[in-house]
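Work through the exercises below with the sequence and the 3D view side by side. Try each task on your own before you read its solution.

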Amino acid sequence: MAGLDAAVYITFITTALMIMVLSAGVCLPVLLPLSATDVNYKLSLEKAKNKTSASFDDFDKLAMGNVQTKSSRLWGFLIAGYWVSFVTYYVLWKTYKHVLHLRVREQTSPQSKPEQFAVLVRDIPPVPVGTTRKEQVDSFFRSLYPETYERSLIVSDIAEAHKVWTELEGYRKKLARAETIFENSKTVNKPEGTRPLHKTGTLGLVGKKVDSINFYNEKIKDLSLKLETKQKITLTEKQVAAAFIIFNSRAAAAAAAQVVHSQFADTWTTLPAPEPRQVLWKNLAIPFYQRRTRENVIYVIVFLTVVFYMVPITVISAFTTLDNLRKLFPFLKSIVEKKAIKSILEAFLPQLALILFLYFLPIILMKFSKAEGIPSESHAVRASSGKYFYFIVFNVFLGVTIGGTLFQSLKQIEKQPNSIITLLGNSLPPNATFFISFIALKFFIGSGLELSRLVPLVIYHIKKRFLCKTEADLQAAWAPPSLSYATRVPNDMLIITIALCYSVIAPMILPFAILYFSVGWFVVRNQALNVYVPSYESNGRMWPHMHTRILAALFLSQITMFGYFSIKKFVYSPLLLPLPFLSLVFGYACKKRFYTSFRITSMEVACNNVKEVPSMSSVVKAYTPPCLLVEDKFDDVEQNEGARPTVS
């Protein structure tokens, strides 16, 4: 089953598609004739007969740039700006209500989940003298919730235990492979088979040659004893100032997650417990002020990254042209002069270089987000997605527009520095051609690779041929991944931003955006239902992030549109000024009406009955890291309490 997060992502694609279709319904039939039948570019060419820099094609005539300054035709573009804005408001409002309905329906499902009965508490004060961390937490919450408080699970620093557990699991897999190789070596002529051997040195290339099965068994035995020792030390000596508080009712857990438990904001801070699969254990121990400091430092680093990445993005947009490549690399001249190759390179070379350049960025931004001290994977994905969105908007959208114009008009700017604003404004319609090619490249190549899963197929066969020895190895090699929202959402947001910013200025971009989201809807729906398996479930918490970013894209388009109308010297340009303020008011209204129900669970929802309350031992097991799980310790609560002193 795809899950609610996947359903919300498909809804997001549908929302973008509806905005584009409704916008195109007015912009294409109204604005294209107004642009195509004007003569601004023709007049510009007549004034610049001897200037080779002045060149326009028929496609440029379909944009607002072909409309003369102060022309009454600009009224049509102004009205279209209002149409696009109000279409976006309407679709976003309807979608917010729909997604909230989906979230509430999921939360009121009779099937209970461990996170519905638990709360994460952080920033626990120092342990009083003569007591333990467990006793401190139990005493505090039992006094506040005497009837509903069930037990606590103190969080520990699991770094050392996890390291031993990871090594142990690795040797167990190696043992399974060695045993499979040994079994496969048994034949009719040689029923005793051949015992696998390997060298104990680096990469198995050097060192003493040993019997693999015996060696791995000895390692597993030693590491099992070592893990047991580490578990005891971790549970008793490495407890941190965080704990999962377990209640016997969903309503009590929902209430505790949103109540201020201390007179000081930096102690006993609570929040809804994340789903067990997505807990970032090492972040739970980070203190309150250290989290705030990390967050501010990361924001500064991301800001600097956004600013200084503008330089390579600008260089790429300026130099990945055939003329510049011929100058920089003369040996390529004979290749790029071939007609077929030249046509392909002219159309897609800058866009392809840009896509490849941005490929590795999300990994860095995800590490930054987790370094803030965020407690859950889904929260880190949302934070990383937001950083990536602002990055690609500033560096791809603005970088290509500004950088391309500056490099093309450098001599004119040197002679007339005051003309830079006009040059940047006039470059907007011609730059639409670049972004149309960019969108087309993304959905033709991206959707094709996504649907065919060609790269994963090749990787699977390589693993199957050289690495997979057991059935478990084959299953792991072909295991379906999860939808990568940290990269998918920002990339889709970039297309929305480009389409909204050019929807009025160059409306021919809308059919390509419609095609992008139409194809994307079919592809994502198929992949979500038949391919991907969610690694976690946040019940649609990504939607407020999506909504805010779409609204930010609309806000940017309104500012861009107002600036371009001003360059056109349209007397009634100030009529566009209310639009950005309307967007801010709309965003504020949506946040006040809907957002709280996404941040916390309302009591109305939490008080719905469930079929059966999960056993406390199952909740405890769910919130215990794999490296601390002990076999046969969760069948009986009393036995569990005796075996694990951090659980009450």
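Two residues are said to be in contact when they have heavy atoms within 4.5 Å of each other. The model is a predicted one, in which local features need pLDDT of at least 70 and side-chain atom pairs count only at pLDDT 80 or more, while totals for chains, interfaces and linings use all residues. Residues are numbered from 1 along each chain as its sequence is written, and side-chain values use heavy atoms, with hydrogens and water left out.

**Exercise 1. The chain as a whole**

Task: Find how many helices and strands the protein chain has, and what share of its residues counts as buried.

Solution: Begin with the rule that helices (H or I, at least four residues) and strands (E, at least two) are DSSP runs, numbered from the N terminus. By this rule the protein chain holds 25 helices and six strands. Next, take buried to mean under 20% relative accessible area, exposed over 50%, and partly exposed in between (1.4 Å probe, protein chains only). Of the 648 residues in the protein chain, 47% are buried on this scale. Finally, consider the contacts between residues at least 6 apart in sequence: 81% of them join residues at least 24 apart.

**Exercise 2. The nonpolar cores**

Task: Identify the residues with the most contacts inside the largest nonpolar core, and list what Ile496 touches.

Solution: A nonpolar core is a set of buried Ala, Val, Leu, Ile, Met, Phe, Trp, Tyr and Cys residues joined through side-chain atoms within 4.5 Å. In soluble globular proteins, nonpolar side chains tend to be buried together. The largest core here has 101 residues, and Met20 and Ile496 are those with the most contacts inside it. Helix α1 (residues 4-36) contributes the most to this core, with 14 residues. If residues up to four places away in sequence are not counted, Ile496 touches Phe12, Ala16, Met20, Phe517, Ile550 and Ala553. A second, separate core of 21 residues includes Val155, Ile158, Trp281 and Leu628.

**Exercise 3. Building the sheet**

Task: Work out in which order the four strands of the open sheet lie, and which of them are the edge strands.

Solution: Two strands pair if DSSP finds at least two bridges between them. Start with β2 and β5, which run antiparallel and are joined by six bridges; here Ser152 stands opposite Ile245 in β5. Then go on to β1 and β5, which pair in the antiparallel sense over five bridges, with Val119 opposite Ile245 in β5. The last step is from β1 (residues 118-122) to β6, an antiparallel pair with four bridges, in which Arg122 has Thr269 of β6 as its bridge partner. Put together, the order is β2-β5-β1-β6, with antiparallel pairing. The edge strands are β2 (149-156) and β6 (269-272), since each pairs on one side only. As for cover, seven of the nine residues of β5 (residues 239-247) are buried.

**Exercise 4. Two helices**

Task: Compare the reach of α4 and of α19 with the expected value for each, and ask how many residues of α19 are buried.

Solution: The expected span of a helix is 1.5 Å times one less than its number of residues. Helix α4 (residues 133-144) has twelve residues and reaches 17 Å from its first C-alpha to its last, close to the expected 16 Å. Its buried residues include Arg133, Lys134 and Phe141, and what covers the buried residues of α4 includes β1, β2, β5 and β6. Helix α19 (residues 485-502), with 18 residues, reaches 25 Å, close to the expected 26 Å. Because 17 of the 18 residues of α19 are buried, this helix is largely enclosed by the rest of the structure.

**Exercise 5. Residues in loops**

Task: Decide whether Ala273 is buried or exposed, and do likewise for Trp268 and for Lys569.

Solution: Ala273 lies in the loop between β6 and α8 (288-319), and counts as buried because its relative accessibility is 7%. Leaving aside neighbours within four places in sequence, Ala273 is in contact with residues including Glu115, Phe244 and Tyr623. Trp268, in the loop between α7 (250-257) and β6, is buried, with a relative accessible area of 8%. Lys569, in the loop between α21 and α22 (578-599), is exposed, with a relative accessible area of 53%. As a last check on the backbone, phi of Trp268 is near 50 degrees and phi of Lys569 is near 55 degrees, each a positive value in a residue other than glycine.
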